[in-house]
Amino acid sequence: MDVKITERLAEDVRLREIMQLITLPPLETDNNIYLDLLSSIVSQQLSTKVAAVIFDRFIQLFPECDPTPEALVEIDLEELRRCGLSYQKAGYLKNVAAHWIEHHSKGLKDWLAMDDEEIIADLTQIKGVGKWTVQMILMFQLGRLDILPLDDLGIRQGIVKLYQLDELKGKPLLAEMTSVAENWRPYRSVACRYLWKWNDLFKRQNLTVGA
């Protein structure tokens, strides 16, 4: 972990306590936004193991295991269903392919040159792709350092536990969580990775911090 990032996040006393308990693995990014979107749609509401099996079956449907947008829009919906996909997810995959043909067929889009909000606005045009999905791609595939996915249940639970916000609900809770996260700028993505990891450990080992 970059020393500058660690020092900045460690200014938050409560976050510093969980940082001392956790080592984050290096983040490997691939910048294949199209394929990442397809994978994200397949994995929605599924366990990691089941999602991997279905996505592998999906990939095997295509010559050389390459689900190009042109091939995906042409494939029969029932063939996608036989992979284990619902009609809804199969339709969403086709939506991604159609969007790519319409908006990105003239060449490789320079995602690295776009800011976070531009990418969110671009990809959430696709039916079946929500803001949370794009935020995950920004964090884990493009390596963006300052994403705050407050729609994520694990992040919300982690902030509530760590900063003892149990008595707040609704808009007051959202406002307080947003305020707490201001202390992590410009590295909110990294803080969230710590929170996810700590939340998992908390569930398994009942780890607590603070008084």
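These are my notebook entries on what I looked up in a predicted model of a single chain.

**Entry 1, overall layout.** I began with the secondary structure and found twelve helices and zero strands in the chain, so that I can write the order of elements from the N terminus simply as α-α-α-α-α-α-α-α-α-α-α-α. I then took the extent of the C-alpha trace, which spans about 60 × 35 × 35 Å along its principal axes. When I turned to contacts between residues at least 6 apart in sequence, I noted that 65% of them join residues at least 24 apart.

**Entry 2, surface and charge.** I looked up the exposed area of the chain, which is about 11,800 Å², with carbon and sulfur atoms supplying 51% of it. Of the 211 residues, 43% are buried. For the charged side chains I wrote down 25 positive and 31 negative, and the centres of these two sets lie 6 Å apart.

**Entry 3, the core.** I next went to the largest nonpolar core, which holds 65 residues, and asked which of them touch the most other members. They are L9, L15, F58, L72, L123, I159 and W184. Helix 12, residues 188–205, contributes the largest share of this core, with eight residues. I followed L15 further and, setting aside residues up to four places away in sequence, found that L15 touches L9, L162, Y163, W184, A191 and Y194.

**Entry 4, helix 9 and Q135.** Helix 9 covers residues 131–140, and I recorded the helix as mostly covered, since seven of its ten residues are buried. The buried ones are T133, V134, Q135, M136, I137, L138 and M139. I picked out Q135 from this helix and asked whether Q135 is buried or exposed. Its relative accessible area is 6%, under the 20% limit, and therefore Q135 counts as buried. Beyond its neighbours within four places in sequence, Q135 is in contact with I120, I147, L148 and P149.

**Entry 5, cysteines.** How many disulfides does the chain have? The count comes to zero. I checked C65, which is in no disulfide, and the nearest cysteine sulfur to that of C65 belongs to C83, 12 Å away. I then asked why C83 has no bond either, and the reason is that its sulfur is 12 Å from the closest cysteine sulfur, in C65, which is too far because a disulfide needs the two sulfur atoms within 2.5 Å. I also compared the cover of the two residues: C65 has 35% relative accessibility and counts as partly exposed, whereas C83, at 3%, counts as buried.

**Entry 6, E64.** I located E64 in the loop between helix 4 (48–60) and helix 5 (69–74). Its relative accessible area is 79%, and because the limit for exposed is over 50%, I entered E64 as exposed. I also looked up the separation of E64 from E17, which is 47 residues away along the chain, and their C-alpha atoms are separated by 48 Å.

**Entry 7, G91.** My last residue was G91, which lies in helix 7, residues 87–104. With a relative accessible area of 22%, G91 falls between the limits of 20% and 50%, so I entered G91 as partly exposed. For the distance to I119, 28 residues away along the chain, I wrote down a C-alpha separation of 22 Å.

Definitions and conventions:
Residues are numbered from 1 along each chain as its sequence is written. This is a predicted model: local features need pLDDT of at least 70, side-chain atom pairs count only at pLDDT 80 or more; totals for chains, interfaces and linings use all residues. Side-chain values use heavy atoms; hydrogens and water are left out. Helices (H or I, at least four residues) and strands (E, at least two) are DSSP runs, numbered from the N terminus. Buried means under 20% relative accessible area, exposed over 50%, partly exposed in between (1.4 Å probe, protein chains only). Contact means heavy atoms within 4.5 Å. Accessible areas come from the Shrake-Rupley method with a 1.4 Å probe; for residues, only the protein chains shown count as cover. Lys and Arg count as positive and Asp and Glu as negative; His and the chain ends are not counted. The place of a charge is taken as NZ of Lys, CZ of Arg, CG of Asp or CD of Glu. A nonpolar core is a set of buried Ala, Val, Leu, Ile, Met, Phe, Trp, Tyr and Cys residues joined through side-chain atoms within 4.5 Å.
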